[in-house]
Amino acid sequence: MKPQFKTLDQFIIEKQADFPNAKGELSRLLRDLGIAAKVVNREINRAGLAGVLGETDCVNIQGECQQRLDVYANEQFITALKRGSECSAVVSEENDEPVIFDSPLPGKGSYIVAIDPLDGSSNIDVNVGVGTIFSIYRRVNSSAIKPHDLLQDGNQQVAAGYVIYGSSTMLVYTTGNGVNGFTLDPFLGEFCLSYPDMMIPDQGRIYSVNEGNYNRFPESVKQYIRYCQEEDQPTGRPYSSRYIGSLVADFHRNLIKGGIFIYPPMIGAPNGKLRLVYECNPMAMIIEQAGGVASDGQTRILDLEVRGLHQRSALFIGSKAMVKKAMEMIELYSEVY
Ligand code: P6P
């Protein structure tokens, strides 16, 4: 049956009707993010022509050289959120400190947004999929923004999502009632529902890890990689290795096809590389809503205590059976990360 044509705005309004007490603030916030994503998408699509490729002479808190489009995307999302006035503070990968907006009008500014405005940006110059990852919390403190408004654990998220700027541009998000994907129709300039009620297969045949770091991995991770590579027809092994080097792209492929993405702890990076607040937590909310699992190897990602805005976490995320097998390996090697 041909999917019913529905724009993101129509979908949000329709879903909002399921919550008669909702005042529409979260709906407007999601629409603000969708607008910024369309602006960023336009710039990415013409990056090679507009001289916005390449690096700035700035380094962000990650110690990574900021690509011009990183800075541009960060500015677009922060501006859209400030203008939309449903958000009172933004935690961004590109900003050392949180961006706090002036005290909002009464009834406004109820939300905090954590964002990686352009994840995988080092891939831009080679035309590989990049993305935006966002996480939305309700502010706790009704007056001035306090640290505990910003340091909420993943279970407190009210919504999470990502935009993938790839062969087509998609926005995928959840508000805790399932995961839905929208594809940008460049002619309409609208995100249209294309993947309703997304669920990740319990078992997949793709493992995604940077095997260049193999010698730095814990023994359990090495054993799991070897398990993936063994010949075993009943379990469909050997699996296929796919690693794009862009979390959003690797995650999105696994969400649709099934698979596991691993960024483990390793020598020189005891908590891996990825950021808990604006990479692991939002992806963990999405994958759990799609029937998958997300762990740091010991603890469910959404249960991890948030102690710092740019705190790192190891990440094992994807199909339930595959993450479970990886956790068994960790237990078998009784490794405590
Ligand atoms: P590595 C991109 O820089 C990123 O933050 C994620 O998008 C990606 O999954 C990871 O880093 C890739 O890291 O060390 O394998 O290049």
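The following questions and answers examine how descriptive terms apply to this predicted model.

Q: Why is Val221 called buried?
A: The relative accessible area of Val221 is 2%. A residue counts as buried under 20%, so Val221 with its 2% is buried. Val221 is placed in helix H6.

Q: Which other residues of H6 are buried?
A: In H6, the residues Ser220, Lys222, Tyr224, Ile225, Tyr227 and Cys228 are buried along with Val221. The buried residues of this helix pack against S11, S13, S15 and H9.

Q: What makes Thr132 a buried residue?
A: Thr132 has a relative accessible area of 0%. The limit for the term is under 20%, and Thr132 at 0% is therefore buried. Thr132 belongs to strand S6, residues 130-138.

Q: With which residues is Thr132 in contact, leaving aside its neighbours within four places in sequence?
A: Contact requires heavy atoms within 4.5 Å. With those neighbours within four places in sequence left aside, Thr132 is in contact with Phe77, Ile115, Asp116, Pro117, Gly161, Tyr162, Val163, Tyr165 and Val248.

Q: Why is the approach of the Thr132 side chain to the side chain of Tyr165 called a polar contact?
A: The two side chains make their contact at 2.8 Å. A polar contact is a pair of N or O atoms within 3.5 Å, one able to donate a hydrogen and the other to accept it. The value of 2.8 Å meets the distance limit, and the pair is therefore listed as a polar contact.

Q: How do you know whether Glu93 is buried or exposed?
A: The relative accessibility of Glu93 is 6%. Buried means under 20% and exposed means over 50%, so Glu93 at 6% counts as buried. Glu93 is found in the loop between strand S3 (87-92) and strand S4 (99-100).

Q: How far apart are Glu93 and Arg275 in sequence and in space?
A: Glu93 and Arg275 are 182 residues apart in sequence, and their C-alpha atoms are 8.4 Å apart. For Val221 and Ser167, which are 54 residues apart along the chain, the C-alpha separation is 32 Å.

Q: Why is strand S9 described as largely enclosed by the rest of the structure?
A: Strand S9 covers residues 179-185, and five of its seven residues are buried, so the strand is largely enclosed.

Q: What makes S9 and S10 paired strands?
A: Strands pair if at least two bridges are found between them. S9 and strand S10 (residues 190-195) are joined in the antiparallel sense over five bridges, so the requirement of at least two is met. Among the bridge partners, Phe182 is matched with Leu193 in S10, and Gly181 with Tyr195. In the hairpin of S9 and S10, with four residues between the strands, Gly189 takes a positive phi near 75°.

Q: How do you know that S8 and S9 pair?
A: Five bridges join strand S8 (residues 169-174) to S9, and the strands run antiparallel. The definition asks for at least two bridges, so S8 and S9 pair. Tyr173 stands opposite Asn180 in S9. In the hairpin of S8 and S9, which has four residues between the strands, Gly176 adopts a positive phi near 95°.

Q: Why are S12 and S14 described as standing at the edges?
A: The open sheet of five strands has the order S12-S11-S13-S15-S14, with mixed pairing. Strand S12 (240-241) and strand S14 (293-295) each have a single partner strand, so one side of each is left without a neighbour in the sheet. S14 pairs with strand S15 (residues 315-318) in the antiparallel sense over three bridges, and the bridge partner of Ser295 in S15 is Phe316.

Q: Which strands does helix H9 touch?
A: Helix H9 (residues 320-332) packs on the sheet and touches S11, S13, S14 and S15, its direction making about 150° with that of S15.

Q: What makes Asp119 and Asn210 polar neighbours of the ligand?
A: A side-chain N or O atom of Asp119 is 2.7 Å from an oxygen atom of the ligand. For Asn210, a polar side-chain atom lies 2.9 Å from a ligand oxygen atom. Both values fall within the 3.5 Å limit for a pair of N or O atoms. The protein covers 82% of the 400 Å² of accessible area that the ligand has on its own.

How values were computed:
Residues numbered from 1 in each chain as written. Predicted model: local features only at pLDDT ≥ 70, side-chain atom pairs only at ≥ 80, totals over all residues. Heavy atoms only, no water. Axes fitted to C-alpha atoms, helices over the stretch in contact; angles between N-to-C directions. Buried < 20%, exposed > 50% of the residue type's maximum accessible area, 1.4 Å probe, protein only. Areas by Shrake-Rupley, 256 points an atom, 1.4 Å probe, with all protein chains shown as cover.
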